[in-house]
Amino acid sequence: MTDLAKRFANNPILRPADVQPSAPGMRVECLLNPGAFRFRGRTGLLLRVAERPPQTASAVSTPVLDPSAPGGVRIVSVSRQDPELKASDPRVFNWKGVDYLTTLSHLRLAWSDDGERFTADPSPTLVGDGALEAFGVEDCRVSTVADRFLLTYTAVSANGVGVGCIETSDWRSFHRLGMIIPPHNKDCAIFEERVAGNWVCFHRPSGVGLGGNFIWLASSPDLRHWGDHRCLARTRPGMWDGERIGAGAAPIRTPEGWLAIYHGSDGKRYCLGALLLALDDPSRVIARSRTPILEPSAPCEQTGFFGHVVFTNGHVVDGDTVTVYYGAADEVICGARLSLAAILASLR
Ligand code: MAN
């Protein structure tokens, strides 16, 4: 057991029942993977709220954003007897050869004075917008840069899964930069300071043939045009991160290098580990966790909508302490504190 995390005593800190549905007829099924930040003395989380109509014994139904439908939402409903329905993964189904998500996600703010007890806003903060987000918006990283916040999130539609970017400085008005990285890509986090004059981000393309689900690095002069792509870290067959990996939130500057917390799956569970990158050249990996720093062990991490998952894309740092906010079993939100010195020591 190498788990370095001190979990909150009040985990899970947010459950689906703590959040009001966005519309009548919707049910909040899961809370997932929040971005985290500080704003005017409070801690904010930008939650992923996954909804759908209550399911029945006879049909599977899922919402899809459609401006021509009443209320902007169309319900796709398929009989469970339909021979053209393939539904074995709780997260996705396929009908007549077309893939759908089982839930529709939006992003919702939740606020806390002490970083442990959060209250979610009564309505969505950001919902999918346009043809590239018809299946929703997910897993938003929040990077704090001077007086503004850069939001990078997963934009999902039948066109594929890509990375959208939004800027805000007040959490009331939002400026959409559109899709900055095309499908298939997710897990994008922008560094909170420029390196050699450029913006830098982690991203995670998915290889369909050669290659795989690896963490990449890119840079940009203006946040819109990303280039100089480099493959930073690949999966390690046989290890805890042998099947897929992806970055969490923006990396943390330490005297020893950029410390990045990332998720890895071996096909059986999702755990968290760390990467240490050179400060002057973050494409150079100095060290990487041989064993996870946080692994699904608490009951709410092992059992839920999709069990044996801890997944983070949000943390806040206070001196030596990083408070990691994470989705547990794709259903509830938890928090844990880790010592940066202890993570760095585990990498030596
Ligand atoms: C995967 C899972 C889902 C998510 C989709 C689209 O299937 O992470 O939770 O909705 O990808 O991003």
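This passage goes through the ligand site and a handful of backbone oddities in a predicted model.

Start with the ligand. It sits in the largest pocket, where R48, V92, L101, E138, T154, V156 and K186 surround it. Sorted by class, that shell comes out as three nonpolar, one polar and three charged residues. R48, E138 and K186 each bring a polar side-chain atom up to the ligand. For E138, the polar side-chain atom lies 2.6 Å from a ligand oxygen. For K186, an N or O atom of the side chain is 3.0 Å from an oxygen atom of the ligand, and for R48 the polar side-chain atom is 3.1 Å from a ligand oxygen. As for cover, the ligand on its own would expose 310 Å², and the protein buries 78% of that.

Next to K186 in the numbering comes D187, which belongs to strand 15. Its backbone is a bit unusual: phi is near 55 degrees, a positive value in a residue that isn't glycine. D187 counts as buried because its relative accessible area is 2%, and the cut-off for that label is under 20%. D330 tells a similar story. Its phi is positive too, at about 50 degrees, and again the residue is not a glycine. D330, though, is found in a loop, the one linking strand 25 (321–328) and strand 26 (332–339). With a relative accessible area of 10%, D330 is buried as well. These phi values deserve a mention because most residues other than glycine have a negative phi.

Then there are the cis peptide bonds, worth pointing out because most peptide bonds are trans. One runs from N11 to P12, with omega near -10 degrees. P12 falls in the loop between strand 1 (6–7) and strand 2. Another cis bond joins P183 to H184, also with omega near -10 degrees. Here the proline comes before the bond, and H184 follows it. H184 sits in the loop that leads from strand 14 (175–181) to strand 15 (185–190), and strand 15 is where D187 is found.

Finally, strand 2, which spans residues 27–39, holds G35. At 0% relative accessibility, G35 is buried. G35 and A247 are 212 residues apart in sequence, yet their C-alpha atoms are 13 Å apart in space.

How values were computed: Residues are numbered from 1 along each chain as its sequence is written. This is a predicted model: local features need pLDDT of at least 70, side-chain atom pairs count only at pLDDT 80 or more; totals for chains, interfaces and linings use all residues. Side-chain values use heavy atoms; hydrogens and water are left out. A residue is near a molecule or strand if one of its heavy atoms lies within 4 Å of it. A polar contact is a pair of N or O atoms within 3.5 Å; within protein, one must be able to donate a hydrogen and the other to accept it, and residues adjacent in sequence count only if both atoms are side-chain atoms. Accessible areas come from the Shrake-Rupley method with a 1.4 Å probe; for residues, only the protein chains shown count as cover. On a 1 Å grid over the protein atoms alone, a cavity is a set of points where a 1.4 Å probe fits but cannot get out, and a pocket is an open set with protein on both sides within 12 Å along at least five of seven lines; lining residues have an atom within 4 Å of a point. A molecule sits in a cavity or pocket if more than half of its atoms lie within 2 Å of its grid points. Ala, Val, Leu, Ile, Met, Phe, Trp, Tyr, Cys and Pro count as nonpolar, Asp, Glu, Lys and Arg as charged, and the others, Gly among them, as polar. Helices (H or I, at least four residues) and strands (E, at least two) are DSSP runs, numbered from the N terminus. Buried means under 20% relative accessible area, exposed over 50%, partly exposed in between (1.4 Å probe, protein chains only).
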